[in-house]
Amino acid sequence: MGEERTYFRRKLPHYQPKHATYFITFRLAETLPGEAVERLCGEREMKLGLVGQDNILSYKIHKQFFAKYDQLLNKGTHGPTWLKNDSIAKIVADTIHYWDGKRYTLLCYCIMPNHVHLVIENPVGQLDKLSYTLSPILHSIKRYTAREANKILQRSGAFWQHESYDHVVRDGKELERVIWYVLNNPVKAGLATDWQKWKWSFVRHDIY
């Protein structure tokens with residue numbers, strides 16, 4: 001029962017069943033003003049309090065929260081944009097690919113200047129030793145890439161924001177919407193005219 005519950009850690013809600021398809025966003029440290037995050041979280045909590053146990057409305061509220069959260073990241077007006085560095089972006093991409101087939105099935109990703117969108121699947125039916133919950137997966141990715149990126153930047157200290165956004169994808173229709181959202185993010189942010197022209201995007205060949 002423990003792994004199936006919804007719980008709140010710090011600012012963002014996290015529901016992390018062991019076998020699921022996840023849409024994940026993680027960002028560089030200090031890329032959003034604290035007051036902006038507090039405002040969005042306060043607005044979300046107020047709306048959630050009004051809808052009570054209505055799961056459909058709660059889902060819509062969380063979706064609206066993420067849209068505003070990601071819009072702020074896309075503006076890129078606050079904090080570092082270290083992922084513009086191709087050497088650093090390659091480290092992140094290579095690390096994501098490294099765990100494909102080991103800890104998850106990689107469906108798609110997009111590396112933006114200050115954040116990463118990632119869609120992965122934890123396969124059902126694997127041996128227990130090959131089944132991983134989401135938090136250790138993200139910890140491995142972020143720990144290694146932070147260390148290697150800081151070497152390039154000749155710096156120390158936090159590279160990634162500690163907390164990530166994660167959402168369980170509920171069905172095939174939602175998965176299609178999420179993948180299109182991820183791939184189209186550079187276009188939406190005005191960084192590319194076509195998603196296929198963005199260097200740091202990936203989608204499985206059997207999806208698109």
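The sulfur of C110 lies 8.6 Å from the closest cysteine sulfur, that of C108, which is too far for a bond. This is a predicted model, and a search of the whole structure finds zero disulfides in it. C110 is buried, with a relative accessible area of 0%. Another cysteine, C41, is buried as well, at 8% relative accessible area.

C110 is a starting point for the strands around it. Strand β4 covers residues 105-111, and a hairpin of three residues joins β4 to β5. The two strands pair in the antiparallel sense over six bridges. One of the pairings sets T105 opposite E121 in β5. Strand β5 runs over residues 115-121, and six of its seven residues are buried, so the rest of the structure largely encloses it.

β5 also pairs with β3, in the antiparallel sense and over seven bridges. Here F26 has V116 of β5 as its bridge partner. Strand β3, residues 21-27, pairs with β6 too, again in the antiparallel sense, over four bridges. In that pairing F23 is matched with H167 of β6. Strand β6 takes up residues 165-168 and is covered on both faces: Y165 and H167 are buried on one side, D166 and V168 on the other.

The next topic is the nonpolar core. In soluble globular proteins, nonpolar side chains tend to be buried together. The largest nonpolar core here has 53 residues, and the members that touch the most others are L83, I111, L118, I120 and W160. Leaving aside residues up to four places away in sequence, I111 touches L83, A89, V92, A93, V116, W198 and W200. Among these contacts, V116 is the residue already met as the bridge partner of F26.

The helices come next, beginning with α1. At 1.5 Å a residue, its 18 residues should span 26 Å, and the C-alpha atoms at its ends are indeed 26 Å apart, which agrees. The buried residues of α1 are A36, V37, L40, C41, R44, L48 and V51. Seen down the helix axis, these buried residues fall within an arc of 125 degrees, so they line one face of α1. An α-helix has 3.6 residues a turn, so residues three or four places apart point the same way. The face of α1 turned away from the buried side carries the exposed residues E35, R39, M46, G49 and L50. After α1 comes G52, whose phi is positive, near 60 degrees.

Helix α2 covers residues 55-75. Its 21 residues should span 30 Å at 1.5 Å a residue; the end C-alpha atoms are 31 Å apart, which agrees. Buried residues of α2 include the aromatic-bearing positions Y59, F65, F66 and Y69, along with S58, I61, H62, D70, L73 and N74. Just after this helix, G76 takes a positive phi of about 60 degrees.

A positive phi is found outside glycine as well. E30, which is not a glycine, has a positive phi of about 60 degrees. E30 sits in the loop between β3 and α1 and is exposed, with a relative accessible area of 54%. Q154 is not a glycine either, and its phi is positive at about 55 degrees. The place of Q154 is the loop between α4 and β6, where this residue is exposed at 74% relative accessible area.

The same loop between α4 and β6 holds S156. S156 is exposed, with a relative accessible area of 63%. Its C-alpha atom is separated by 9.3 Å from that of A146, 10 residues away along the chain. A146 belongs to helix α4 and counts as buried, at 15% relative accessibility. Between the C-alpha atoms of A146 and A158, 12 residues apart along the chain, the separation is 7.7 Å. Not counting residues up to four places away in sequence, A146 touches F159 and W160. W160 leads back to the nonpolar core, where it is one of the residues that touch the most other members.

Methods: Residues numbered from 1 in each chain as written. Predicted model: local features only at pLDDT ≥ 70, side-chain atom pairs only at ≥ 80, totals over all residues. Heavy atoms only, no water. Core = buried A, V, L, I, M, F, W, Y, C linked by side-chain atoms within 4.5 Å. Buried < 20%, exposed > 50% of the residue type's maximum accessible area, 1.4 Å probe, protein only. Contact = heavy atoms within 4.5 Å. Pairing = 2+ DSSP bridges. Expected span 1.5 Å × (residues − 1). Disulfide = S-S within 2.5 Å. Arc of directions from axis to C-beta.
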